[in-house]
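Hi,

Here is the structure I promised to pass on. Have a look at it first, and then read on for my notes.

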Amino acid sequence: MEILWENILLAMAAFVILYVLLHKFAFPKLFGIMEQRRELVMQQMEDARKTREQATAYVEEQKAALQEARNEAQGIIEQSRKTSSTQAEQIIDLAKQEAERLKTDAARDIESEKNKAVAALRGELGAVSVQIASKILDKEVKEDKAQEELVQKYLNEVGGRP
């Protein structure tokens with residue numbers, strides 16, 4: 001096998017010419033396209049990073065808003081508990097006042113009825129006393145002891161004692 005130097009030189013010359021032509025016409029466009037693609041990829045990565053940061057910030061804002069809503073809800077619940085507790089105490093106080101008023105009214109009514117009964121009893125006692133006096137005068141008992149027993153008997157009848 002022989003080495004043909006002419007073929008090697010021709011191949012090298014063709015390679016150099018091809019390289020010069022590619023370098024002058026194809027490489028700038030190819031490298032330009034590759035640079036544009038690299039810039040596009042970098043831009044997309046930057047956009048993705050910004051979007052991720054915005055999403056993270058948005059999630060944090062939502063967490064803060066949710067925590068604030070929870071705190072507000074807890075405050076409302078606590079306020080409702082206090083209000084219901086206060087209302088329950090007011091209702092109990094009103095019930096106690098009403099019970100006390102009813103008790104006072106009942107005591108007043110009882111006292112009034114007692115006074116009416118005493119007045120009626122006094123009227124009846126007066127009538128009975130007149131009857132006793134008339135019976136005593138009718139009987140004309142001479143002994144004081146007999147008169148005393150008679151008065152006791154009638155008083156026991158009026159008083160309801162045996």
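How many of the 162 residues of the protein, as a percentage, count as buried? The figure is 4%. Bear in mind that this is a predicted model, so every value below is computed from predicted coordinates.

**Overall shape**

The protein has 2 helices and 0 strands. Its radius of gyration comes out at 62 Å, while the globule rule gives 15 Å for 162 residues, so the protein is more spread out than a compact globule. The C-alpha trace tells you how that looks along the principal axes: about 190 × 35 × 15 Å. As for surface, about 14,600 Å² is exposed, and 61% of that comes from carbon and sulfur atoms. Helix H1 covers residues 5-139, and several of the contacts below sit in it.

**Salt bridges**

I get 9 salt bridges in the structure. Here are some of them.

Glu53 pairs with Arg49, with 2.4 Å between the closest N and O atoms. Why can these two be described as about one helical turn apart? Because they are 4 residues apart in helix H1. Both ends of this bridge are partly exposed: Glu53 has 46% relative accessibility, and Arg49 has 30%.

Further along the numbering, Arg101 is worth a click, since it takes part in two bridges. One goes to Glu98, at 2.3 Å from N to O. These two residues are 3 apart in helix H1, so about one helical turn separates them. Arg101 is partly exposed at 40% relative accessibility, and Glu98 is also partly exposed, with a relative accessible area of 36%. The other bridge from Arg101 goes to Asp105, where the closest N and O atoms are 2.8 Å apart. Here the spacing is 4 residues in helix H1, which again means about one helical turn. Through shared partners, the salt bridges link Glu98, Arg101, Asp105 and Arg108 into one network.

**Aromatics**

There are 2 aromatic pairs in the structure. In one of them, the ring centres of Tyr19 and Phe27 are 5.9 Å apart and the planes are at 65 degrees, so the pair is edge-to-face. Which residues make up the aromatic cluster? Tyr19, Phe27 and Phe31 form it together. If you wonder whether Tyr19 is buried or exposed, the answer lies in between: with 46% relative accessibility, Tyr19 counts as partly exposed.

**A nonpolar patch**

Now to the low-numbered end of the chain. Ile3, Trp5, Ile8, Leu9 and Met12 make a nonpolar surface patch of about 560 Å². Leu9, one of these residues, lies in helix H1. Leu9 counts as exposed because its relative accessibility is 57%, and the cut-off for exposed is over 50%.

**Where to look**

If you open the model, you could begin with the network of Glu98, Arg101, Asp105 and Arg108, go on to the aromatic cluster of Tyr19, Phe27 and Phe31, and finish at the patch that includes Leu9.

Cheers

Definitions and conventions
Residues are numbered from 1 along each chain as its sequence is written. This is a predicted model: local features need pLDDT of at least 70, side-chain atom pairs count only at pLDDT 80 or more; totals for chains, interfaces and linings use all residues. Side-chain values use heavy atoms; hydrogens and water are left out. Rings of Phe, Tyr and Trp (its six-membered ring) pair if their centres lie within 6.5 Å; planes under 30 degrees apart count as stacked, over 60 as edge-to-face and the rest as tilted. Buried means under 20% relative accessible area, exposed over 50%, partly exposed in between (1.4 Å probe, protein chains only). A salt bridge is a side-chain nitrogen of Lys or Arg within 4 Å of a carboxyl oxygen of Asp or Glu. Patches are made of residues with over 30% relative accessible area and no salt bridge: like charges are joined within 9 Å, nonpolar side chains (Val, Leu, Ile, Met, Phe, Trp, Tyr) within 5 Å. Accessible areas come from the Shrake-Rupley method with a 1.4 Å probe; for residues, only the protein chains shown count as cover. The radius of gyration is taken over C-alpha atoms; the globule rule is 2.2 Å times the number of residues to the power 0.38.
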